[in-house]
Amino acid sequence: MKSLNVPNQRAVIDRRALADAIHALVEDQGEKARGQIVQLLRDALEQGRAEIARRLTEKPSAGHECTGAQAFLIDQIVRVVHDHVTAHVYPVANRSSAERLTLIAVGGYGRAEMAPHSDVDIAFITPTRRAPWCEQVIEAMLYYLWDLGLKVGHSSRTVDDTMRMAREDLTIRTALLEGRFIWGDRALYDETSRRFWAEVAKGSERQFLTQKLEERNQRHKRMGDSRYVVEPNVKDGKGGLRDLQTLYWIGKYMHRVRSAAELVDVGLFTRAEYRSFRRAEGFLLAVRCHMHIITGRAEDRLTFDLQREVAARMNFADRPGKSAVERFMQFYFLQARRVGSLTAVFLSHLDDEFAGKRARTGFFAGWSQKSRMLKGYRVFAGKIAAPSDDWFRKDPVRLIEVFQLAEANGLEIHPETMRLADRDSALIKSDIREDARANALFLELLAGRNDPETVLRWMNDAGVFGRFVPDFGRVNAQMQFDMYHHYTVDEHTIRAIGLLNRIEKGELVSDHPRSTRLIHRVNSRRAIYVAVLLHDIAKGRGGDHSVLGAEVAHELCPRFGLNDNETDLVAWLVRQHLLMSATAFKRDLTDPKTIEDFVSQVQSLERLRNLMILTAVDIRAVGPGTWNSWKGQLLGELYDAGQERLRLGHMRDGRKQRVAAKREAVAERLGSRSPLVAQVGKLLDDSYWIAEPEDVIARNLVQYEVAREIEEHLSIHCEFDEERGATLVSVIAADHPGLFYRIAGGIALAGANIIDARIHTARSGWAVDNFLVQDPLGKPFREGQQIERLKKAIADALANRIELVPKLAARPLPHTRSGTFDVAPRVTFDNNASNRFTVIEVNARDRPALLNRLARALFESNLVVQSAHITAYGERAADTFYVTDLTGDKVTADNRLAEIEARLLDAGSDRRQRQLEEA
């Protein structure tokens with residue numbers, strides 16, 4: 001039996017005193033004492049939990065102590081219940097050989113790693129099937145445990161049944177593997193344990209290993225196959241507790257070890273590795289215990305709202321440029337990475353063991369694949385290995401070389417060599433970092449043509465990457481506390497490098513056609529790879545990471561061997577890596593001033609090509625779903641307009657020529673209905689013809705004509721637009737004040753988000769408004785039912801058939817946990833971004849009714865909205881409006897701007913949301 005080393009056990013629970021109190025109640029009240037007995041047990045359980053929580057508060061990182069004390073507490077409760085039931089409820093003077101029962105703790109309870117609200121998994125083992133006394137005792141015990149509010153996972157089997165089912169079921173086999181005697185018949189437990197090892201485990205070691213690793217792989221896929229997801233599952237996620245437990249299970253099954261410490265004795269870990277195993281396990285257990293105590297339930301997902309509280313409970317504090325929660329999560333991810341390294345080392349040893357034992361028969365008996373030499377390294381079975389223990393010590397530059405050779409030759413690095421690299425990474429000091437050969441090798445690896453992403457991740461896991469590029473080491477495992485970024489900074493960067501490699505190989509041509517063409521036209525492919533590496537290098541330092549990152553680039557690029565031109569290009573790309581997305585997503589690309597301002601910063605076609613590629617991989621590497629065809633369309637339009645301006649030195653055509661060309665193209669598209677260009681088109685200003693794409697104009701003209709023919713006062717047309725990855729909603733109606741905010745409210749009520757809006761008024765006094773909408777997941781509305789819902793909601797909103805304000809206020813936030821984050825609304829005005837309009841940008845917490853409220857605030861401020869551009873960044877929305885006053889002029893007066901700002905801040909505030917919800 002595994003003894004639980006719990007200090008001052010009686011402060012947690014005094015079993016004898018509890019048993020005596022129960023005995024006294026039975027003596028006094030007999031069968032009527034049950035209710036009071038349950039209350040006694042409940043009090044003991046609650047007092048024990050309170051004591052364990054107090055100890056965790058005093059020592060917030062003592063995960064092993066907390067989980068051991070919890071298992072001890074449950075042990076004593078179970079023992080007291082067993083003794084009470086067998087002595088007072090179903091007493092038997094002389095039990096037969098069949099009336100025996102043993103209680104075995106299995107699962108986390110068996111390992112004595114119980115968080116405060118973990119399941120209590122118990123195996124009740126009996127000698128024979130039909131033993132009425134055993135069944136009665138088990139049932140009575142379970143009712144007591146359930147009455148205490150414990151979630152009991154139980155099984156009741158004979159020894160024979162247990163062995164048969166363990167052979168058939170991996171879950172049962174794993175549970176028994178860590179079975180621990182709690183109470184009852186000790187001889188029966190010993191028989192179960194002996195037979196398990198003799199009848200189930202013996203001879204099935206290889207099968208168990210294979211099944212456990214497959215189970216682990218499937219679990220990782222379910223949880224998001226990265227240990228750097230920003231809301232990790234502490235128990236089942238990659239690099240979590242279950243990975244450590246899997247190592248212990250495999251080690252125990254193969255080598256019969258009784259504790260993780262014995263993995264050192266059988267050679268699977270060094271002492272230093274076991275210490276880091278124990279440290280990572282203790283930290284993860286402590287985090288899980290805090291989560292259970294905070295939530296009052298079994299909670300294993302470290303969500304954003306829990307991260308703040310756990311960080312505070314574990315005494316993490318704010319530092320310049322990095323909040324307490326970001327420091328806590330960085331430490332968490334470093335532990336998760338350590339778990340990954342230990343797993344690789346452990347499995348490699350087992351692989352070698354089995355390779356040595358594998359019997360060879362037949363024609364190939366006695367044959368083994370010969371290794372070959374590659375620049376002093378041994379290469380065998382697709383792996384590259386250092387030839388000796390002191391290989392890296394003799395020449396630390398080899399710590400870079402081994403990874404470069406692996407990438408260039410498509411090889412894996414032998415886990416034993418990874419272990420040596422991890423151990424010797426501290427040899428990388430300033431002399432190695434400045435070594436020309438080391439930097440040349442690193443650059444070859446970074447811009448490798450096979451799979452630099454995977455090899456750079458190995459390099460990072462071994463600690464070599466952060467040692468060789470200390471600036472990268474500073475962002476290692478660093479999370480960003482928001483709902484937009486899915487990965488830590490280092491993982492995001494490595495994924496972006498992988499995407500760049502895939503674009504270069506032509507694997508993403510359907511999503512990134514321009515970037516696929518452009519990467520083969522850049523002057524320096526190594527410069528774009530270095531730019532991707534460095535674009536987020538200065539995050540977490542306080543200040544603008546783009547400006548600070550450009551300074552880092554000026555220092556690092558010459559060290560890597562880049563020339564002056566390449567260095568200047570990389571530094572500019574890092575400094576401006578957000579320029580293209582900010583312009584494309586927040587500005588009106590049909591406004592010539594937008595293109596003029598953009599080009600004045602870019603200044604050359606070479607910069608533009610590189611910036612386009614960098615922007616694409618940066619957005620896509622943020623996480624699943626962040627790249628879509630609408631973003632691709634906007635970036636493509638900006639690239640094309642910028643390229644034309646840079647190539648010709650001016651826009652190809654003036655305003656009149658552009659309108660005339662657009663009219664011709666639309667007429668051609670309309671075919672037999674081309675007369676509409678003259679008939680209906682004359683009612684629309686030049687600004688309409690410049691702002692709208694040809695396909696949208698063609699649809700609008702037909703819709704306008706049909707509405708006029710049937711004398712329809714409100715025409716709503718919805719159509720799925722595959723090219724833009726959104727649904728086009730065109731509304732033609734008699735123009736009146738407040739039309740835009742009402743349409744926005746109707747669209748929100750239908751469950752859609754507006755991503756782009758263009759508002760026009762024809763000379764006939766009719767409004768022609770075009771909206772691009774998506775669902776909350778960034779997908780278009782395309783089902784007939786969705787389209788009808790959209791039309792009905794807009795029509796109802798415009799006809800005043802529904803009360804917009806209360807209905808919109810009742811809709812839930814798009815991100816249920818967005819309240820965890822501080823998002824203070826912010827308003828900025830720019831009278832230089834357009835020659836004709838004042839550009840207003842509003843940042844606020846994202847919510848379905850936000851655009852409706854902001855549009856209403858603009859209406860109440862007597863402003864006319866020309867276009868709106870909406871971008872969401874997780875919990876935060878950035879809405880940009882191009883507006884004029886009622887006379888068509890820009891808004892410039894300070895008092896007027898202050899009044900508009902106050903209205904918009906109120907509309908976007910949490911206070912206003914609460915008021916409307918309460919109303």
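# Worked exercises on strands, helices and rings

In this predicted model, Arg372 has Val379 of strand 6 standing opposite, and the first exercise starts from that pair of residues.

**Exercise 1.** Work out how strand 5 and strand 6 pair, and which residue of their hairpin takes a positive phi.

*Solution.* Begin with the strands themselves: strand 5, residues 372-374, pairs with strand 6 in the antiparallel sense, over three bridges. Next, look at the turn, where two residues lie between the strands and Lys375 takes a positive phi near 50°. Then follow the chain onward, since strand 6 also pairs with strand 7, residues 383-385, again in the antiparallel sense and over three bridges. Within that second pairing, Arg378 has Ala385 of strand 7 as its bridge partner. The hairpin of strand 6 and strand 7 likewise has two residues between the strands, and here Ala381 takes a positive phi near 50°.

**Exercise 2.** Determine which side chains of strand 6 are buried and how they alternate.

*Solution.* Strand 6 covers residues 377-380, and along it Tyr377 and Val379 point to one face and are buried. Arg378 and Phe380 point to the other face and are not buried. For Tyr377 the value can be checked directly: its relative accessibility is 0%, and buried means under 20%, so Tyr377 counts as buried.

**Exercise 3.** Describe the ring pair that Tyr377 forms with Trp391, and state what the pair ties together.

*Solution.* The two rings are 5.2 Å apart, centre to centre, with 75° between the planes, and the pair is edge-to-face, a class that requires an angle over 60 degrees. Because Tyr377 lies in strand 6 and Trp391 in helix 16, residues 391-394, the pair ties together parts that are 14 residues apart in sequence. Trp391 is buried as well, with a relative accessible area of 10%.

**Exercise 4.** Give the strand order of the open sheet, and then place helix 4 against that sheet.

*Solution.* Four strands form this open sheet in the order 3-2-1-4, and the pairing is mixed. Strand 3 (152-158) and strand 4 (180-184) are the edge strands, each pairing on one side only. Neighbouring strands are turned by 25° against each other on average, direction ignored. Helix 4, residues 63-89, packs on the sheet and touches strand 1, strand 2 (120-126) and strand 4, while its direction makes about 25° with that of strand 4.

The mixed pairing can now be traced strand by strand. Strand 1 (residues 102-105) and strand 4 run antiparallel and are joined by four bridges, with Arg180 of strand 4 as the bridge partner of Ala105. Strand 2 and strand 3, in contrast, run parallel and are joined by seven bridges, and Phe124 stands opposite Ser156 in strand 3. Between them comes helix 6, residues 132-147, and strand 2, helix 6 and strand 3 make a right-handed β-α-β unit. Helix 7 (residues 159-168) lies across strand 2 and strand 3, running at about 110° to strand 3.

**Exercise 5.** Test whether the span of helix 11 agrees with its number of residues, and decide whether the helix is enclosed or open to the outside.

*Solution.* Helix 11, residues 241-255, has 15 residues, which at 1.5 Å a residue should span 21 Å; the expected span takes 1.5 Å times one less than the number of residues. The end C-alpha atoms are 21 Å apart, which agrees. As 14 of the 15 residues are buried, helix 11 is largely enclosed by the rest of the structure. Just after this helix, Arg256 takes a positive phi of about 60°.

Definitions and conventions:
Residues are numbered from 1 along each chain as its sequence is written. This is a predicted model: local features need pLDDT of at least 70, side-chain atom pairs count only at pLDDT 80 or more; totals for chains, interfaces and linings use all residues. Side-chain values use heavy atoms; hydrogens and water are left out. Buried means under 20% relative accessible area, exposed over 50%, partly exposed in between (1.4 Å probe, protein chains only). Two strands pair if DSSP finds at least two bridges between them. Axes are lines fitted to C-alpha atoms, for helices over the stretch in contact, and angles run from 0 to 180 degrees between N-to-C directions. Contact means heavy atoms within 4.5 Å. A crossover is right-handed if, with the strands pointing away from the viewer, the path from the first strand over the helix to the second runs clockwise. Rings of Phe, Tyr and Trp (its six-membered ring) pair if their centres lie within 6.5 Å; planes under 30 degrees apart count as stacked, over 60 as edge-to-face and the rest as tilted.
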